[in-house]
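The exercises below go through one protein model step by step. Look at the structure first, then try each task before reading its solution.

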Amino acid sequence: MARGEHHRIHAQDRTQRNRVLVAQEAARLMSEHGIRDFHHAKLKAAERLGIVDTQALPRNNEIEDALREHQRLFHGDSQPQALRARREAAVEAMRFLRDFDTRLVGAVLEGTADEHSAVCLHVYSDDPEAPGLFLREQGIPLETQTRRLRWSGTEQSEHTVLLFGADGIPFDITVLPVDALRRAPLDRVDERPMRRATAAMVRELLAEEDIEAFNTSS
């Protein structure tokens, strides 16, 4: 093998090893320090490891895979409990907000939620003020933010986000127009249309968990 080819292969191997290390460290930071943003987690992980090669920065889906593995290895008992509590809370919130065609999205749906995770919901109304007004009328104190969502490679838009807590669980609710029910914004993990679930679908997930737990204990 020529010397140049040997160096090239060695460099590729080193880059791949560093990608794995950064993904693992980013997953640890997300799990143990509550960092929710993949980009922030990977940059912080690379800084902590002293890795400056941008080619060694993993994709978000690589970090998500590492997060699942970290949770399995180090939080095998607590993480499933936190996830279930948030899925149950999501069902209750979706029932409460049923007039807004609510959908569950994010880590609680995907199964990577832990005690740091908010229940992320999308609500749909052509009056962007209506969901917040409804919640305030129920006596729920809110914080509001805006969030930029991507719909395609070039299309983006900003939307109101409503933040509140209930029974120790944070909620993060994005207000979207009704026509957004026909297509989902892009997921930050894989750049594909975001997975969304109705209350009935979340109840099915909970039922599947019950069956799995019963089979495991039998």
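## Exercise 1: A residue in the first helix

Apart from neighbours within four places in sequence, glutamate 25 is in contact with Ala45, Arg48 and Leu49. The model is a predicted one.

**Task.** State in which helix glutamate 25 lies, and decide whether glutamate 25 is buried or exposed.

**Solution.**
Step 1. Glutamate 25 belongs to helix H1.
Step 2. The relative accessible area of glutamate 25 is 12%.
Step 3. Buried means under 20% relative accessible area, so glutamate 25 is buried.

## Exercise 2: Two domains and their contact

**Task.** Find where the two domains begin and end, and describe the contact between domain 1 and domain 2.

**Solution.**
Step 1. The domain assignment places domain 1 at residues 2-75 and domain 2 at residues 78-217.
Step 2. Between the C-alpha centres of domain 1 and domain 2 the distance is 28 Å.
Step 3. Domain 1 gives 15 residues to the contact, and domain 2 gives 12 residues.
Step 4. The size of an interface is often given as the accessible area lost when the parts come together. Here domain 1 and domain 2 bury about 1,100 Å² between them, with 43% of it on carbon and sulfur atoms.
Step 5. On the side of domain 1, the residues that lose the most area to domain 2 are Arg36, Gln71 and His75, together 43% of what that side buries.

## Exercise 3: Polar links across the interface

**Task.** How many salt bridges are there between domain 1 and domain 2, and which elements give two or more residues to the side of domain 1 that touches domain 2?

**Solution.**
Step 1. The count between the two domains is 1 salt bridge.
Step 2. In polar contact across the interface of domain 1 and domain 2 there are 7 residue pairs, both residues at pLDDT 80 or more.
Step 3. Helix H1 (3-33) and helix H3 (60-74) are the elements that give two or more residues to the side of domain 1 that touches domain 2.
Step 4. H3 gives the most to that side, with 6 residues.
Step 5. Sorted by class, the side of domain 1 that touches domain 2 holds 3 nonpolar, 7 polar and 5 charged residues.

## Exercise 4: Salt bridges one by one

**Task.** How many salt bridges does a search of the whole structure find? Describe the pairs glutamate 62 with arginine 19, arginine 36 with aspartate 114, and arginine 84 with glutamate 88.

**Solution.**
Step 1. Side chains of opposite charge can pair when their charged atoms come close. The search of the whole structure finds 16 salt bridges.
Step 2. Glutamate 62 and arginine 19 meet through their side chains in a salt bridge of 2.3 Å, N to O. Because glutamate 62 lies in helix H3 and arginine 19 in helix H1, the pair ties together parts that are 43 residues apart in sequence. Glutamate 62 is partly exposed at 24% relative accessible area, whereas arginine 19 is buried at 16%.
Step 3. The second pair also links distant parts of the chain: arginine 36 is in the loop between H1 and helix H2 (38-49), and aspartate 114, 78 residues apart, is in the loop between helix H5 (107-110) and S2. Their side chains form a salt bridge of 3.7 Å, N to O. Arginine 36 counts as partly exposed, with 25% relative accessibility, while aspartate 114 is buried, with a relative accessible area of 2%.
Step 4. Arginine 84 and glutamate 88 form a salt bridge of 3.0 Å, N to O, between their side chains. Both residues lie in helix H4, 4 residues apart, about one turn of the helix. Arginine 84 is partly exposed at 23%, and glutamate 88 is partly exposed at 40%.
Step 5. A network of salt bridges links Arg84, Arg87, Glu88, Glu209 and Asp210.

## Exercise 5: The surroundings of helix H6

**Task.** Which residues of helix H6 are buried, and what covers the buried residues of H6?

**Solution.**
Step 1. Helix H6 covers residues 130-137, and Ala130, Pro131, Gly132 and Leu135 are buried in this helix.
Step 2. The cover over the buried residues of H6 includes helix H4 (78-96), strand S2 (119-124), strand S4 (156-166) and strand S5 (169-176).
Step 3. Just after H6, glycine 139 has a positive phi of about 80°.

Note on methods:
Residues are numbered from 1 along each chain as its sequence is written. This is a predicted model: local features need pLDDT of at least 70, side-chain atom pairs count only at pLDDT 80 or more; totals for chains, interfaces and linings use all residues. Side-chain values use heavy atoms; hydrogens and water are left out. Domain bounds come from an automatic or database domain assignment. Contact means heavy atoms within 4.5 Å. Buried area is the accessible area (1.4 Å probe) that two parts lose on being put together, summed over both. A salt bridge is a side-chain nitrogen of Lys or Arg within 4 Å of a carboxyl oxygen of Asp or Glu. A polar contact is a pair of N or O atoms within 3.5 Å; within protein, one must be able to donate a hydrogen and the other to accept it, and residues adjacent in sequence count only if both atoms are side-chain atoms. Ala, Val, Leu, Ile, Met, Phe, Trp, Tyr, Cys and Pro count as nonpolar, Asp, Glu, Lys and Arg as charged, and the others, Gly among them, as polar. Buried means under 20% relative accessible area, exposed over 50%, partly exposed in between (1.4 Å probe, protein chains only).
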